[in-house]
Amino acid sequence: AAAIGGVTATATSATSVLGCLMNDPRCWLSSLYFAVFGIVIALMKDVPDVKGDALSNVRTFSVRWGPQSVFAGMHRLLTVLFMGVGISFVKGATTAALALTSSS
């Protein structure tokens, strides 16, 4: 076991995280959700700074593609992400309701 910043990590905990990611679709889907959400946040935070970045010759996505394009692309990505979560929620709720009605 190794102590890093007051947190003890063991090989077992790392294995269980990898096991979760490899074996449980809910685990990797939630990880994918937060990864996409993080990408959206990272790209959107540069949109207000486009003028300063361009003056400083910082080649962010917002400078290269334009703030409107970045905003529109991230809006589409979030729409797809939220629709996927909504569809998954409805599918899970429907499956649970059908399981409850068939068992009684």
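1. Burial in the chain. Of the 104 residues in the protein chain, 13% are buried. The model is a predicted one, and the remarks below should be read with that in mind.

2. Overall architecture. The secondary structure of the protein chain consists of five helices and two strands. Read from the N terminus, the order of the elements is β-β-α-α-α-α-α. As for contacts in the protein chain between residues at least 6 apart in sequence, 39% link residues that are at least 24 apart.

3. Helix H2. This helix covers residues 25–44. Its 20 residues, at 1.5 Å a residue, should span 28 Å, and the end C-alpha atoms lie 28 Å apart, so expectation and model agree. The buried residues here are Cys27, Val36, Val40 and Leu43. An α-helix has 3.6 residues a turn, so residues three or four places apart point the same way. That general point may help the reader when viewing the helix.

4. Trp28. This residue also belongs to helix H2. Trp28 counts as partly exposed because its relative accessibility is 41%. The C-alpha atom of Trp28 is separated by 9.8 Å from that of Leu18, a residue 10 places away along the chain.

5. The disulfide. How many disulfides does the structure hold? There is one disulfide, and it joins Cys20 to Cys27 with an S to S distance of 2.3 Å. A disulfide is a covalent bond between the sulfur atoms of two cysteines. The link of Cys20 and Cys27 is right-handed, with 130° about the S-S bond. The two partners fall into separate accessibility classes: Cys20 counts as partly exposed because its relative accessibility is 27%, whereas Cys27, at 15%, counts as buried. The cut-off that decides this is 20% relative accessible area, under which a residue is called buried.

6. Helix H5. Residues 67–103 form this helix. At 1.5 Å a residue, its 37 residues should span 54 Å; the end C-alpha atoms are 54 Å apart, so the two values agree. Which residues of H5 are buried? They are Val70, Met74 and Leu81. The elements that cover these buried residues of H5 include H2 and H4.

7. The largest pocket. Its volume is about 260 Å³. The lining consists of Arg26, Leu29, Ser30, Tyr33, Val80, Leu81, Gly84, Val85 and Ser88. Helices H2 and H5 each contribute at least two residues to this lining, and H5 provides the largest share, with five residues. Sorted by class, the lining of the largest pocket has five nonpolar, three polar and one charged residues. Leu81 deserves a second look, since this lining residue is also listed among the buried residues of H5.

8. Ser62 in helix H4. Helix H4 runs over residues 61–65 and contains Ser62. Is Ser62 buried or exposed? Ser62 counts as buried because its relative accessibility is 1%. Leaving aside residues up to four places away in sequence, Ser62 touches Leu43, Asp46, Val47, Val50, Pro67 and Val70. Two of these partners have appeared above: Leu43 is a buried residue of H2, and Val70 is a buried residue of H5.

9. Asn57. Where is Asn57 placed? Asn57 lies in the loop between helix H3, residues 50–55, and H4. The phi angle of Asn57 is near 60°, a positive value in a residue other than glycine. With a relative accessibility of 61%, Asn57 counts as exposed, since the exposed class begins over 50%. Ser62, in helix H4, counts by contrast as buried at 1% relative accessibility.

Technical notes:
Residues are numbered from 1 along each chain as its sequence is written. This is a predicted model: local features need pLDDT of at least 70, side-chain atom pairs count only at pLDDT 80 or more; totals for chains, interfaces and linings use all residues. Side-chain values use heavy atoms; hydrogens and water are left out. Helices (H or I, at least four residues) and strands (E, at least two) are DSSP runs, numbered from the N terminus. Buried means under 20% relative accessible area, exposed over 50%, partly exposed in between (1.4 Å probe, protein chains only). Contact means heavy atoms within 4.5 Å. A disulfide is a pair of cysteine sulfur atoms within 2.5 Å. On a 1 Å grid over the protein atoms alone, a cavity is a set of points where a 1.4 Å probe fits but cannot get out, and a pocket is an open set with protein on both sides within 12 Å along at least five of seven lines; lining residues have an atom within 4 Å of a point. Grid points are joined across faces, edges and corners, and a volume is the space filled by probe spheres set on the points. Ala, Val, Leu, Ile, Met, Phe, Trp, Tyr, Cys and Pro count as nonpolar, Asp, Glu, Lys and Arg as charged, and the others, Gly among them, as polar. The expected span of a helix is 1.5 Å times one less than its number of residues.
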